Amino acid sequence: MNKRNLLSIATLALLGVPAVAQDAAAAATVATGSSTGINPNYLLLGAAILQVVIIISLNSVMRLLGGSGKVWTARMQRTSTAALVLLLFTGAQDAQAATGPTQWTSNQLFYVLIVVNVFLFILLLAQVNLLRNMTRTLVGKAEEEHATSAGAARVKRPTFESKLLQVLTRRVSMEREQDVLMHHEYDGIRELDNVLPPWWLWLFYGTIIWSVVYLVNVHVTGVWPHQADEYAQEMEQAKADVAAYVARLGESVDENNVKLLTDAGAIGTGKGLYEANCVACHGSAAEGKTGLGPNLTDAYWIHGGGIKNVFSTIKYGVPAKGMISWKTQMKASELQAVASYVLSLQGSEPANAQPPQGDLWKEEGAPAAAADSTAAPADSSATPADTASASGMAQAK
Amino acid sequence: MLERFHYDNRIVKAFLFASILFGIVGMLVGIIVALQLVIPGLNAAEWFTFGRLRPLHTNAVIFAFVGNGIFAGVYYSMQRLLKTRMFSDALSWIHFWAWQLIIASAAITLPLGFTTGKEYAELEWPIDIAITLVWVVFGINMFGTILKRRERHLYVAIWFYIATWVTVAMLHIVNSFEIPVSLFKSYSWYAGVQDALVQWWYGHNAVAFFLTTPYLGLMYYFMPKAANRPVYSYKLSIIHFWALIFIYIWAGPHHLLYSSLPDWAQSLGTVFSIMLIAPSWGGMLNGLLTLRGAWDRVREDPVLKFFVVAVTCYGMATLEGPLLSTKFFNSISHFTDWTIAHVHVGGLGWNGFLTFGMVYWLVPRLYGTKLYSTGLANAHFWIGTLGIVFYAIPMYFAGFTQSLMWKQFTPDGYLVYKNFLDTLLQIEYAYWLRALGGVLFLLGALLMVYNVWRTVAQGKLVAEEAAEAPALEGVPVTSDGGYWHRWIERSPIWMLVLSLVLVAIGGLIELVPTFLIKSNVPTIASVTPYTPLELHGRDIYIRDGCYTCHSQMVRPFRSETERYGEYAKAGEFVYDHPFQWGSKRTGPDLLRVGGKYQNSWHFYHMLDPGKFVKGSLMPPFPHLFENTIDVDGTKARIEAMQTLGVPYPEGYGDAKAMEDLQAQAKLITDDLKKGGIEIDGDREIVALIAYLQRLGTDIKKPAAVAAK
């Protein structure tokens, strides 16, 4: 028995377990969303590197063991090459995360690393398997020699694996193949009369049973929901979750209580949102575009000026005029920021400005009634989950 | 009495070379469309846009590459398995040339925009009829050969060929029911939910009975031949064959999970897909276990290598497919690149590699020589495998990534990635890698072309291969192990009938109730037929293959109703001949796009999406601004729709339709004019805008509210 061999397997097992544990721990960290200080990605990367190191060192062990066997050597080389390629791939992703134009979020990197680790782990398992085969062969040879020298014809004892395999497949061994060879032949093709592999048959029966259970549960007992019910449940759950979150946060801005923001931070946020969402129709300097969106820098407003009206117009849109509703796309605080930014542009007189449209707006004479022109957004896409806007609408009415 | 005869190798050679040629072409088009997705500028001309070339790619690889591959393998193996020459040389050659003519007509008509808009069945009605005729020719030739056989029993490969023939005939005829409007324009006989069900019953089983069962037949011939080993289990062949063809036909609705298809039909799609795992794996097992005792040769023989990877890919794809048919996985994978990865594991791995293995095995034998270079074949194997890896893995990642991004919410109830484009740009890198995978796969295939060419050059075609066998009368009936199944193996007509009955059951049970029971498609009072202008717009939408990137199916998920609006209802689609639910979202869903943007927005957007929406990967459609609406065809369109039961007033097509069309066009051009845009009302863009603005708005009309 080669002790060194066993030793390496033991080492591997010891090292492999923490690697997996790390994966699990990292997954748990992400799942709970708590940031405990250590980025799980580093753990995962560490685990990947560790696994590669193990794979490579295992290879050298095995090369020592079976250096004469060409087949083994070739297979081992392939394993370690694959491991290295994978690691390089991960490394490249890392680099891309730092510099690439399409930045990987740490979340995505996390999934990449998980997959890489799983790959590596499979490689490791394959390698352990190979190692065990090698050991067995080496040991078997020794036993054989022993048996021959003892002059006793000993029957090989079936291993657990081979017994299990036999139960699962019930196949006729290659040596006794002649017994199950069928008489017919087609263009030289013969067929064996092996039984259906039991594991396959169980799989088949299993899927049939599952199917019956599925159909009964969905369509007879109704234990499992139809898709419309699933949807209703999902929306209800979301509504509750969002309400709980908003309640916890204590923040809800709507068109009745919205205040003009003037701090640089909010204006900066608003500018970013404007550039991402509004320039297509209103122009990069809010100068307006012919046939698309009006000039927002002058004192004339079609649907009322002032923070409350602008907020409301952005939030609900004016579907008849082509201004879309942004309430599902921006949070209340974002709507406030972008409205504030737009108002900060008053009087900026950009180049190519569109001529004024609408009425001259005077802040003093701004009654809340101006909301009437925009507050009837018969928007059927409003969803129960949209609590913030739903409550806003209720108040507007 | 020993009879002497000759096998016809010429026809095999013809089909085999056609398969190689169209394989190269199909892969090349595949690379072009892959690049068009990341380089919008590559959509260089009206006929050279993704929307028109993507159907060309799928049709070329399915019907030209795999189709010719099937015929090559069938014509080679059937003669030998039945110990006879093909029934009729004339029919063989009619079959060959007519099939190539169909391919050529597809290559011309698809880029020109002649399409039915139904995936994998895009070819227009005259070509559909031609396909039917060729299929009949193939059937006569096949059954003629079977009937004049010198072998008493049919080998398992032949069972698969028979099932293939009869099922494809049924699928093609049922799905191609359409009413011609003009020489190259037709409307599907079915509408909306029903059309979707028929289409995916067809589409799924095109995979099953065009890409799978015939190739299983080929595997059952070429695998044992190449390995020189007996087939592992005759019993497994019997069970998995009958189970496979019976169950496969039911699985179509899994393409429509979480859609407006009734729940019961969706559930049937799910459970029959799950039950399909074992029968599919039966084929894989019988293939791989046949290699028992030949694994040492797999290391040296490229043919076996290709077969092993092909069968393994088959096994992977047929496990993944059922998993994707469960609600859980489908809610993630549908409309993403996961589906694309899945089909390419099957397409590149199973069909591609099995074909390549077959080519490397057949060509030396057809030319009475050895393969020119085993080394090159091995290189092909490794490059091809690498190609599959580089194709599939990035697409899997793209699928997961995009789906997760679509579904992610902030804790206060907003979509994290509100802008669809962000989710697309995130996976742009994967699209590049996928193109690289495609290039590698093609490079491998080009190595094969060179190898085949040199092999042909060093050999000489054995056009007529001499063989001898006793006449059928002299062949005894044997029961061989007491299998009752031996009876049907010597009764080909019964085998045909039984196959047809088995594959008809699933289709009938799913289709008939969906057509006849009203509650399956609850009507909505406010849903009205398209106006003539909208109808033209819809035809343009179909012609330019918008459905290849945009779905019209908002699924009942919070993430979808939040992004797009109310989820789709079955009653909304009753006038959609054909349905346009789509199967992939490279762009956002369009079901509720009506009224979302201004007319001028659509105008500028279609003119140059990349300029209008920064980073957009949608190609420009400048031809819409030059081409005029086919108003001469308005009357025919309205009348065709009336024939299909769309309730336009009597005689509407005569004059009123044209008045309405012009009035609606004027409304749009006037609106555009207010924004400083001058465009003639007869341009296609006007019709397209009319259609887009109509989409999904019917249920928002007052009548819909009243109906509630």
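This passage walks through a predicted model of two chains, A and B, starting with chain A and ending with the places where the backbone does something unusual.

Chain A comes first. Its secondary structure consists of 13 helices and 4 strands. Of its 397 residues, 29% count as buried. Looking at contacts in chain A with a separation of 6 or more, 73% come from residues 24 or more positions apart.

Two helices of chain A show how differently covered such elements can be. Helix H5 (residues 160-169) of chain A is hardly covered, and the count of buried residues among its 10 residues is 0. Right after H5(A) comes Arg170(A), with a positive phi of about 45 degrees. Helix H12 (residues 332-344) of chain A, on the other hand, is mostly covered, with 11 of its 13 residues buried. The buried set in H12(A) runs as follows: Ala332(A), Glu334(A), Leu335(A), Gln336(A), Ala337(A), Val338(A), Ala339(A), Ser340(A), Tyr341(A), Val342(A) and Leu343(A). The length of H12(A) also checks out: 13 residues at 1.5 Å a residue should span 18 Å, and the end C-alpha atoms are indeed 18 Å apart.

One neighbour of H12(A) is helix H11 (residues 306-316) of chain A. The two pack with their axes 9 Å apart, at an angle of about 125 degrees. An angle that is neither under 35 nor over 145 degrees, and not between 65 and 115, counts as oblique, so H11(A) and H12(A) are oblique to each other. The crossing of H11(A) over H12(A) is right-handed. On the H11(A) side, the contact is made by Ile307(A), Val310(A), Phe311(A), Ile314(A) and Lys315(A). H12(A) answers with Leu335(A), Gln336(A), Val338(A), Ala339(A), Ser340(A), Val342(A) and Leu343(A). Sorted by class, the residues of this contact come to 9 nonpolar, 2 polar and 1 charged. Residues Leu335(A), Val338(A) and Val342(A) of this contact are also among the buried residues of H12(A). In general, an α-helix has 3.6 residues a turn, so residues three or four places apart point the same way.

Next, the meeting of the two chains. Here 66 residues of chain B are in contact with 57 residues of chain A. On the chain B side, helix H8 (residues 263-274) of chain B gives the most, with 6 residues. That side of chain B is made up of 32 nonpolar, 18 polar and 16 charged residues.

Within chain B, helix H1 (residues 10-38) and helix H16 (residues 428-458) make a helix pair. Their axes come within 9 Å and cross at roughly 160 degrees. With over 145 degrees as the cut-off, H1(B) is therefore roughly antiparallel to H16(B). This crossing of H1(B) and H16(B) is left-handed. From H1(B), the residues in the contact are Ile20(B), Gly23(B), Ile24(B), Met27(B), Leu28(B), Gly30(B), Ile31(B), Ala34(B), Leu35(B), Leu37(B) and Val38(B). Those from H16(B) include Tyr431(B), Trp432(B), Ala435(B), Gly438(B), Phe441(B), Leu442(B) and Val452(B). By class, the contact of H1(B) with H16(B) has 18 nonpolar, 3 polar and 2 charged residues.

Further along chain B, Asp671(B) sits in helix H24 (residues 656-674). Asp671(B) has 18 other C-beta atoms within 10 Å, so it is partly exposed. In sequence, Asp671(B) and Asn599(B) are 72 residues apart, yet their C-alpha atoms are 7.4 Å apart in space.

That leaves the backbone oddities of chain B. Most residues other than glycine have a negative phi, and most peptide bonds are trans. Tyr120(B), not a glycine, has a positive phi of about 65 degrees. This tyrosine, Tyr120(B), is found in the loop between helix H3 (89-109) and helix H4 (125-147) of chain B. With 18 other C-beta atoms within 10 Å, Tyr120(B) is partly exposed. Phe335(B) is not a glycine either, and its positive phi is about 70 degrees. The loop holding Phe335(B) runs between helix H12 (327-333) and helix H13 (337-366) of chain B. Phe335(B) is buried, because 22 other C-beta atoms lie within 10 Å. Finally, His577(B) and Pro578(B) are joined by a cis peptide bond, with omega about -5 degrees. Pro578(B) belongs to the loop between helix H20 (558-564) and helix H21 (599-607) of chain B.

Notes. Residues numbered from 1 in each chain as written. Chains lettered and ligands numbered in written order. Predicted model: local features only at pLDDT ≥ 70, side-chain atom pairs only at ≥ 80, totals over all residues. Contact = placed C-beta atoms within 7 Å. Nonpolar A, V, L, I, M, F, W, Y, C, P; charged D, E, K, R; others polar. Expected span 1.5 Å × (residues − 1). Buried ≥ 20, exposed ≤ 12 C-beta atoms within 10 Å, placed from the backbone. Axes fitted to C-alpha atoms, helices over the stretch in contact; angles between N-to-C directions. Left-handed = near helix turned anticlockwise from the far one by under 90°.
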